[in-house]
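Trainee: Hi! I'm new to this one, could you walk me through it?
Mentor: Happy to. Let's bring it up first.
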Amino acid sequence: MNIQQIETLMANVSEILMAPVLIIILLLFVYALFAIGRFVSQYLVRKQNRMSYQRQVDTKTSNQLNGYPVHNYFVNNPTASEDELEVYALKKLETLRVVTRVAPMLGLIATMIPMGPALKALADGNIQGISENLIIAFAAVIWGLVISTLTFWPASVKKRWYAMELINIRKFKGDA
């Protein structure tokens, strides 16, 4: 296989990847909207149960409370080690964190794939072909960045929430 055949193969495979990448970006956008809704819902539930949670922290009691998943895991597994609790908290954040990081990468992939046909259209003097490919390219990277933006904030806030729950559990375990 010579270099030109390898280049052609790589170009063809890249074009085949375009549709799946765009579908995944669309699915991640739907997930990001879903994640924002879940985040707002959890915020409201946490706000509603804040006083009960603080009372439990102050009195060193532990009962299940909606909106406090790490705390609830500890209530259900009182012998869980700190490492187990941290792994549980990371697991709860994992999908958000992965989507936040992967979406811009997929946007970049979907940007680069149509650049080859756009450059070929430029060489052929086909202005229509250039614009069609560049529209797809820039739209894909924008979607990837929007998805990342929508999931970054909930991931960051939830990380802080879960860290505070872990701190309170450590205090509870230390005094027990």
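Mentor: We'll go through confidence, empty spaces, aromatic rings and a few single residues.

Trainee: What kind of model is this, and how are residues numbered?
Mentor: It's a predicted model, where local features need pLDDT of at least 70, side-chain atom pairs count only at pLDDT 80 or more, and totals for chains, interfaces and linings use all residues. Residues are numbered from 1 along each chain as its sequence is written, and side-chain values use heavy atoms, with hydrogens and water left out.

Trainee: What's the mean pLDDT of the chain?
Mentor: The mean is 92, and 99% of the residues reach 70 or more. pLDDT is the predictor's confidence in each residue, from 0 to 100.

Trainee: Where is confidence lowest, and where is it highest?
Mentor: Helix H4 (residues 115-124) has the lowest confidence, with a mean of 84, while helix H3 (residues 82-112) has the highest, at 96. Helices here are DSSP runs (H or I, at least four residues), numbered from the N terminus.

Trainee: Let's talk holes. How many cavities of 30 Å³ or more are there?
Mentor: A search of the whole structure turns up one. The space in this largest cavity is about 100 Å³. On a 1 Å grid over the protein atoms alone, a cavity is a set of points where a 1.4 Å probe fits but cannot get out, and lining residues have an atom within 4 Å of a point. Grid points are joined across faces, edges and corners, and a volume is the space filled by probe spheres set on the points.

Trainee: Which residues line the largest cavity?
Mentor: Among them are Tyr53, Gln56, His71, Phe74, Asn168 and Phe172. Helices H1 (3-59), H2 (69-76) and H5 (127-175) each give two or more residues to that lining, with the largest share, four residues, coming from H5.

Trainee: And by class?
Mentor: Five lining residues are nonpolar, five are polar and two are charged. Ala, Val, Leu, Ile, Met, Phe, Trp, Tyr, Cys and Pro count as nonpolar, Asp, Glu, Lys and Arg as charged, and the others, Gly among them, as polar.

Trainee: What volume does the largest pocket have?
Mentor: About 280 Å³. A pocket is an open set of grid points with protein on both sides within 12 Å along at least five of seven lines. Its lining includes Tyr43, Arg46, Tyr53, Tyr68, Trp161 and Asn168.

Trainee: Which helix gives the largest share there?
Mentor: H1 does, with six residues. H1 and H5 each supply at least two residues of the pocket lining, and by class the lining has six nonpolar, two polar and four charged residues.

Trainee: New topic: how many aromatic pairs are there?
Mentor: The count is six. Rings of Phe, Tyr and Trp (its six-membered ring) pair if their centres lie within 6.5 Å; planes under 30 degrees apart count as stacked, over 60 as edge-to-face and the rest as tilted. Tyr53 and Tyr68 make a stacked pair, at 4.2 Å centre to centre and 15° between the planes. Tyr53 sits in helix H1 and Tyr68 in the loop between H1 and H2, 15 residues apart, so the pair links distant parts of the chain.

Trainee: Are those two tyrosines buried or exposed?
Mentor: Both Tyr53 and Tyr68 are buried. Buried means under 20% relative accessible area, exposed over 50%, and partly exposed in between (1.4 Å probe, protein chains only). Phe74 and Phe172 also pair, this time edge-to-face, with 5.5 Å centre to centre and 80° between the planes. That pair joins helix H2, which holds Phe74, to helix H5, which holds Phe172, 98 residues apart.

Trainee: Why does Phe74 count as buried?
Mentor: Because its relative accessible area is 4%.

Trainee: And Gln56, what does it touch?
Mentor: Leaving aside neighbours within four places in sequence, Gln56 contacts Thr61, Ser62, Asn63, Leu65 and His71; contact means heavy atoms within 4.5 Å. Gln56 lies in helix H1 and counts as buried at 8% relative accessibility.

Trainee: Is Gln48 buried or exposed?
Mentor: Gln48 counts as exposed because its relative accessibility is 65%. Gln48 is in helix H1 too.

Trainee: Last one: where is Lys92?
Mentor: Lys92 is in helix H3, and at 38% relative accessible area it is partly exposed. Lys92 touches Pro69 and Tyr162, not counting residues up to four places away in sequence.
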